[in-house]
Amino acid sequence: MELYEYTVHELVEKLEKREVTSEEITRSYFNRIKEKDPEVKAYVSTLEEEAMKKAKQVDEDRKTGKQVSKFAGIPIGIKDNMCITGTKTTCSSKMLENFVAPYNATVIENLNKQDLVYLGKLNMDEFAMGSSTEHSAFFKTHNPWDLARVPGGSSGGSAAAVAADLAPWTLGSDTGGSIRQPASLCGIVGLKPTYGLVSRYGLVAFASSLDQIGPLTKDVTDSAMLLNLIAGHDDKDSTSIDMEKKDYTKSLINDVKGMKIGLPKEYIGEGVNEEVRNAVLAVAKKYEEMGAIVEECSLDVGKYSTAVYYIIACAEASSNLGRFDGIRYGYRTEKFDNLKDIYKNSRSEGFGPEVKRRIILGTYVLSSGYYDAYYKKAQKVRTVIKNSFNKLFEKYDILLSPTSPTTAFKIGEKSNNPVEMYLADSCTVPVNIGGLPAISMPCALDSKGLPIGLQLIGKAFDEEKIFRAAYTYEQNTNFRENKPQ
Amino acid sequence: MTISKDEINHIAKLASLNLSEEEIERYTVDMQEILQLANTINNVNTDGMNETIGSNEKSNVLRKDEVIEFGNIELLLSNAPSKDEGMFRIPKVIN
Amino acid sequence: MSRDDYEVVIGLEVHCELSTKTKIFCSCSTEFGGEPNSHCCPICMAMPGALPVLNEKVVEYAVKAGLATNCSIEKNSKNDRKNYFYPDTPKAYQISQFDKPLCYEGYVTIETEDGEKQIRIERIHIEEDAGKLNHDEYGRGTFIDLNRAGVPLIEVVSKPDMRNSQEVEAYMRKLKSIFEYIGISDCKMEQGSLRADVNVSVRKRGEKEFGTRTEMKNMNSFRNIVRAIDYEAERQIEEIEKGNKIAQESLRWDEISGRTFSMRDKEDAQDYRYFPEPDLVAIRLSDEYIEKIKKQLPELPESRKKRYKEQYELTEKAANFVTSSKYYSDLFEEAIKICNNPKTTGNLIMSDIARILNEREEEPNCIKFTGKELGELVTLIDKGKISSAIAKKVLEELFNEVKMPSKIIEEKGWIQISDEESIKQVVLKILENNSQSVLDYKAGKDRALGFLVGQAMKETKGKANPQMLNKMFLEELNK
């Protein structure tokens with residue numbers, strides 16, 4: 001077995017036992033990247049020189065008996081919308097193609113404290129707007145299970161990298177499903193933490209009230225470990241929750257007896273692919289076998305989530321993306337005589353079509369005469385959706401649904417129809433609307449050999465129950481025996 | 001609910017975007033479809049509901065009034081497409 | 001119709017920079033000046049991914065401003081984004097407050113020719129200042145300095161309650177005075193830390209509806225505000241008299257030509273697309289918090305004025321003047337602790353100090369000496385060490401360099417001549433040289449005495465004790 005095939009908790013064990021060095025692990029990944037990334041195209045940029053230097057230094061520290069974190073020297077890949085001082089942070093946009101971040105995101109500061117090694121920055125839909133990574137301004141990322149298919153998005157690079165062993169784990173961001181949907185399409189584990197659990201400082205904003213950073217990993221144990229490293233209060237993010245730090249690995253308990261699981265019927269009904277539906281029903285059955293109580297329930301207003309999501313997310317995005325004006329950083333047009341030209345031409349040339357489409361929608365719903373009908377109304381419906389979730393969590397510990405209504409679709413299949421693409425998020429967006437935590441983990445392969453993901457949704461700040469349920473399922477099934485070719 | 005090209009043009013102006021004829025054409029059609037989806041929210045009864053503001057119920061997150069200077073102007077200016085004398089440079093703006 | 005048939009209606013949006021140490025949403029210093037962009041960080045430079053965190057002092061200061069201007073305090077407030085593209089606004093939105101300002105529905109009282117008048121305040125909200133655009137004289141472009149970007153402001157929006165430029169000046173001065181008293185701003189108009197957008201309209205007397213208003217932005221001197229309003233009101237009346245309509249627009253006041261001009265580049269109707277700032281959380285203020293701030297408020301001018309009249313027996317005029325500025329009032333209180341002579345202290349402030357400031361074109365906050373120096377000065381007068389003529393000269397000196405007055409008079413040799421022998425010699429010399437005046441006096445012309453005393457003062461460069469001179473001349477003349 002190659003080093004790049006191990007999970008992080010396995011690598012940590014090997015490092016602790018001195019069976020392997022960080023340099024060897026890191027080298028193994030860069031060799032794998034050179035071999036495999038030309039066809040997967042997960043990375044926008046790699047940081048080989050810095051990474052090897054860091055790995056050697058950690059090995060030296062370990063050798064000389066210096067106190068180091070058990071994660072010291074473990075490599076990681078970062079979605080290219082998180083700032084690392086001195087490295088390019090492009091958001092897969094022509095607008096930021098040459099932008100070198102002048103500061104570290106808080107998650108990066110946290111990982112630095114543990115001496116993790118950055119392999120590189122991962123491809124994404126431009127400014128995290130998309131569900132297929134086809135909207136990257138640079139190139140499309142391919143699904144390791146079938147290179148003709150999309151890896152999902154927007155964290156498509158982060159998911160594909162883990163699935164293809166191009167990184168042991170990665171960070172992604174999730175605004176409407178951008179961690180979970182690609183995790184599902186790539187057959188890996190992706191967690192969207194509760195809004196406010198992980199600092200957003202240094203994450204290039206798409207939609208401020210929905211964005212959350214989270215881990216993409218090979219298994220549930222790694223997910224809990226990486227969440228441990230990045231979760232926690234941050235003074236720099238006003239929306240970050242000030243609560244006692246938890247050790248999520250303590251929730252990795254192989255037991256769901258008595259756990260109450262709700263199965264919202266709307267997510268196994270119309271619009272969901274039959275193979276996906278059957279797979280999720282099989283999961284429900286499995287949970288019952290393991291001692292959980294599974295009940296069908298209803299989240300009727302959930303069907304409005306996609307509409308609410310696009311109104312709110314685009315409104316916030318239209319404002320968040322105003323700062324990209326070609327003045328202080330980023331792309332500046334060559335065609336200008338005056339300031340107005342700089343604004344208009346830089347933005348028109350620097351942003352791709354999907355970003356512009358969403359800026360237009362967002363500007364429209366906030367504009368005079370439409371604000372009440374769209375933005376204000378959407379925020380009210382958001383309250384209704386949140387209330388419905390709260391009601392369900394009075395009764396259930398967690399909710400079970402598919403992550404995506406379909407398995408990975410072909411590159412180009414949906415890229416011409418925005419609404420069809422938006423509906424690919426219909427199972428994941430309600431979670432962001434509610435600010436809730438949810439995990440996606442693989443549960444089966446469809447008839448084409450493509451992974452199907454299940455989604456477990458918890459109530460706010462109850463990641464523990466999600467981990468426990470996910471871990472129990474993982475321990476009693478064997479999806480990890482499947483690997484992309 | 002229909003949206004005209006003129007409206008798209010007006011919105012593009014507000015958003016400081018310069019759209020080609022072709023883009024206006026396409027976005028007008030796209031917006032029509034997207035707004036049709038968006039309009040479905042009118043089916044939800046929201047009488048007496050408050051708007052959600054932010055994603056959680058936190059309040060009063062306040063910072064102490066203590067100076068911490070970033071201290072690296074060079075780094076902050078390093079990405080500027082045009083700069084001079086420690087400032088960002090743009091074509092002359094008539095005030 | 002004549003000019004008198006029209007009524008001018010004025011409302012103000014006053015922007016006041018708060019004197020916090022740091023900016024409103026980041027920890028950069030608010031210090032004025034400094035190298036361009038030296039007080040900046042990823043947050044106030046709007047780097048991708050940077051997030052704002054609200055400065056607690058900004059909330060405290062705004063609530064103070066509200067309480068001191070009789071406002072209600074919003075217990076469930078929030079921040080909103082105001083979206084527009086302009087190079088002094090790096091995020092392309094200003095974080096401000098839209099429908100839930102921290103303070104609302106207050107008033108201040110001003111003095112007018114017809115007595116006291118209340119000017120209602122609609123709201124006070126917090127927001128961030130913009131950066132500075134420097135225009136290059138060689139035409140190489142515009143240069144952006146973001147040191148001021150993110151400096152906290154309160155915006156005080158009045159109701160359209162003012163009817164002439166004098167009322168506007170009185171209102172502005174009153175706000176300035178209150179903000180100085182409660183210590184939330186240095187109110188330096190010359191540095192732009194207090195400035196106003198002035199809305200002017202006119203209507204025929206007796207009409208209920210307001211006329212169409214024009215707005216003059218960023219006015220930062222009392223003189224220009226008064227001139228601009230007077231000009232603009234006349235212009236509007238003339239237009240209406242000619243049968244023209246007033247266009248609702250932003251105008252620029254040009255102080256050199258003394259005229260207003262239309263700002264053409266703002267022709268596009270703005271649509272600011274306000275929405276709640278999702279990067280910040282709600283501001284919820286408890287009754288206890290508001291009570292606590294209320295208790296911290298210092299004694300305000302109205303109350304001081306009353307006390308000065310009752311306790312120190314100052315005249316209405318003197319009490320009014322001394323309390324018109326925190327700097328005068330503090331100087332007064334500190335000085336009388338030393339000299340125990342409120343009347344002379346008040347008069348020195350009202351006449352001499354005010355005159356000197358006026359000559360220097362300075363505001364009371366520019367006074368560098370304190371009550372310690374002024375108190376000693378009054379004591380010196382009371383003890384007969386110096387005359388009031390010398391006191392004026394000492395004050396002039398104090399404006400140039402802060403020193404104890406006793407030291408100044410010693411160094412300058414301005415100590416009053418009060419010993420009998422010296423005075424007698426001067427008197428005898430003057431009498432000898434002015435025999436005609438002596439004859440005049442003896443012939444019954446009392447005015448001659450004044451002339452002789454004046455000559456003696458001239459001879460002693462104002463240092464002779466005037467009472468003693470008077471007395472001794474009379475003695476000699478009546479011998």
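1. In this predicted model, the C-alpha centres of domain 1 and domain 3 of chain C lie 62 Å apart. These two belong to a division of chain C into three parts, in which domain 1 covers residues 3-288, domain 2 covers residues 299-412 and domain 3 covers residues 420-477.

2. A residue worth finding on screen is Leu439(C), which sits in helix 13 of chain C, a helix that runs over residues 435-442. Is Leu439(C) buried or exposed? Because there are 11 C-beta neighbours inside 10 Å, Leu439(C) counts as exposed, the cut-off for that class being 12 or fewer. Although Leu439(C) and Leu477(C) are 38 residues apart along the chain, their C-alpha atoms are separated by 9.6 Å.

3. Turning to chain A, a reader who follows the backbone from end to end will pass through 15 helices and 11 strands. The radius of gyration of chain A is 21 Å, which is close to the 23 Å that the globule rule gives for 485 residues, and therefore chain A is as compact as a globular protein of that length. Along its principal axes, the C-alpha trace of chain A spans about 65 × 55 × 45 Å.

4. The inside of chain A can be described in two further ways. Of the 485 residues in chain A, 65% are buried; and when contacts between residues at least 6 apart in sequence are considered, 75% of them join residues that are at least 24 apart.

5. Where chain A and chain C meet, how many residues does each of them bring to the contact? Chain A supplies 34 residues and chain C supplies 24 residues. On the side of chain C that touches chain A, the residues divide into 17 nonpolar, 2 polar and 5 charged.

6. Chains B and C share a sheet, and this deserves a careful look, strand by strand. The sheet is open and antiparallel, with 4 strands in the order 2(B)-3(B)-10(C)-9(C). Which strands stand at the edges? They are strand 2 of chain B (83-84) and strand 9 of chain C (132-135), and because each has a single partner strand, one side of each is left without a neighbour in the sheet.

7. The join between the two chains within this sheet is made by strand 3 of chain B, residues 87-90, and strand 10 of chain C, residues 142-145, which pair in the antiparallel sense over 3 bridges. As a point to check by eye, Ile90(B) stands opposite Thr142(C), a residue in strand 10 of chain C.

Terms used
Residues are numbered from 1 along each chain as its sequence is written. Chains are lettered from A and ligands numbered from 1 in the order in which they are written. This is a predicted model: local features need pLDDT of at least 70, side-chain atom pairs count only at pLDDT 80 or more; totals for chains, interfaces and linings use all residues. The radius of gyration is taken over C-alpha atoms; the globule rule is 2.2 Å times the number of residues to the power 0.38. A residue is buried if 20 or more other C-beta atoms lie within 10 Å of its own, exposed if 12 or fewer, and partly exposed in between; C-beta atoms are placed from the backbone. Two residues are in contact if their C-beta atoms, placed from the backbone, lie within 7 Å. Ala, Val, Leu, Ile, Met, Phe, Trp, Tyr, Cys and Pro count as nonpolar, Asp, Glu, Lys and Arg as charged, and the others, Gly among them, as polar. Domain bounds come from an automatic or database domain assignment. Two strands pair if DSSP finds at least two bridges between them.
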